[in-house]
Amino acid sequence: MNIALQRVCGGCTACCKTHAVYEIEKPVGKWCPHCEPSRECRIYADRPKGCRGFRCEWLKGFGEEDDRPDKSGLVLDYISFRPLIPRLFQIWESRGGALREAGVKELIDLSLRNCIPVVLFYSSGKREFFSGGMELSKEVEQAMRREKVKIL
Ligand code: SF4
Ligand code: SF4
């Protein structure tokens, strides 16, 4: 059977910390007030649309079982800012230090080889953008500066 069909979030609640949920004004990198970490969403049946639609790459079948975000400390996903950046690979740190662990550099290199820039979200709030040589428009550069994203 397709791995993506077998996988469930189970006790993982990592994206309830890493990601922003605009409908409930939940910022990036802070636990959602509705989350019981490592257990569940207390408002699961009524959770916002943004939560309902989110599936990280692990849930879609990427990586091994042990790479589940609560174990690896990393949530992976893609976003599009068409036409400026058609595809952007995002790596979010749910556990401090996970972005410095083995395997992260390979993930970044693989993405850049496929011409997909990468952004790292550290749990400290630091953000780094790897363009992989992609030419950035003034608009994108200004947005990065505004968001205090370091361009590498
Ligand atoms: S990070 Fe992925 S596996 Fe974990 S709760 Fe979110 S969608 Fe599910
Ligand atoms: S509302 Fe529920 S699913 Fe959405 S971030 Fe909060 S705890 Fe997670």
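# Briefing: strands, core and ligand shells

Strand E6 and strand E7 (residues 149-151) run parallel and are joined by three bridges. The model is predicted. E6 also pairs with E5, in the antiparallel sense and over four bridges. The points below follow the strands from this end, then turn to the core, the two ligand shells and some backbone details.

**From E6 to E7**

- Across the E6–E7 pairing, Arg127 stands opposite Val149 in E7.
- The connection passes through a helix: E6, H6 and E7 make a right-handed β-α-β unit.
- Helix H6 spans residues 138-146, and zero of its nine residues are buried, so the helix lies largely in the open.
- Lys148 follows just after H6, in the loop between H6 and E7.
- Lys148 is not a glycine, yet its phi is positive, at about 60°.
- Lys148 counts as exposed because it has 9 C-beta neighbours inside 10 Å, and the cut-off for exposed is 12 or fewer.

**E5 and E6**

- Val118 has Phe130 as its bridge partner in E6.
- E5 and E6 form a hairpin with five residues between the strands, and there Gly125 takes a positive phi near 105°.
- Ser124 also belongs to the loop between E5 and E6.
- Ser124 has 11 C-beta neighbours inside 10 Å and so counts as exposed.
- Ser124 and Lys60 are 64 residues apart along the chain, and their C-alpha atoms are separated by 27 Å.

**E3, E4 and E5**

- E3 and E4 run antiparallel and are joined by seven bridges.
- One of the pairs places Leu76 against its bridge partner Ile91 in E4.
- The hairpin from E3 to E4 passes through three residues.
- Pro83 sits in the loop between these two strands, and the peptide bond from Arg82 to Pro83 is cis, with omega near 0°.
- E4 and E5 run parallel, with four bridges between them.
- In that pairing, Gln90 stands opposite Val119 in E5.
- E4, helix H5 (residues 104-113) and E5 make a right-handed β-α-β unit.
- Pro86 is part of strand E4 and is exposed, because it has 11 other C-beta atoms within 10 Å.
- Pro86 and Ile116 are 30 residues apart in sequence, while their C-alpha atoms are 8.5 Å apart in space.

**The largest nonpolar core**

- The largest nonpolar core has 23 residues, of which Cys56, Leu74, Val75, Leu76, Ile91, Val118 and Leu120 touch the most other members.
- At least two residues of this core come from each of helix H2 (15-18), strand E3 (74-81), strand E4 (85-93), strand E5 (118-121) and strand E6 (127-130).
- E5 gives the most, with four residues.
- In soluble globular proteins, nonpolar side chains tend to be buried together.
- Two of these core residues also appear in the pairings above: Leu76 is bridged to Ile91 in E4.
- Cys56 is in contact with Cys15, Pro69, Val75, Leu76 and Asp77, leaving aside its neighbours within four places in sequence.

**Ligand 1**

- Ligand 1 is surrounded by 13 residues, the closest being Cys9, Cys12, Cys15, Cys56 and Pro69.
- By class, the shell around ligand 1 holds 10 nonpolar, one polar and two charged residues.
- Cys56 links this shell to the core: it is among the closest residues to ligand 1 and among the core residues that touch the most other members.
- Cys15 and Pro69, also among the closest to ligand 1, are both in contact with Cys56.

**Ligand 2**

- The residues around ligand 2 are Cys16, Val21, Cys32, His34, Cys35, Cys41, Ile43, Arg47, Pro48 and Cys51.
- This shell around ligand 2 divides into eight nonpolar, one polar and one charged residues.

**The loop between E1 and E2**

- Ser38 lies in the loop between strand E1 (35-36) and strand E2 (40-41).
- Ser38 has a positive phi of about 65°, although it is not a glycine.
- Ser38 has 11 C-beta neighbours inside 10 Å and so counts as exposed.

Conventions:
Residues numbered from 1 in each chain as written. Chains lettered and ligands numbered in written order. Predicted model: local features only at pLDDT ≥ 70, side-chain atom pairs only at ≥ 80, totals over all residues. Buried ≥ 20, exposed ≤ 12 C-beta atoms within 10 Å, placed from the backbone. Near = placed C-beta within 6 Å. Nonpolar A, V, L, I, M, F, W, Y, C, P; charged D, E, K, R; others polar. Core = buried A, V, L, I, M, F, W, Y, C linked by C-beta atoms within 7 Å. Contact = placed C-beta atoms within 7 Å. Pairing = 2+ DSSP bridges. Right-handed = clockwise from strand over helix to strand, strands pointing away.
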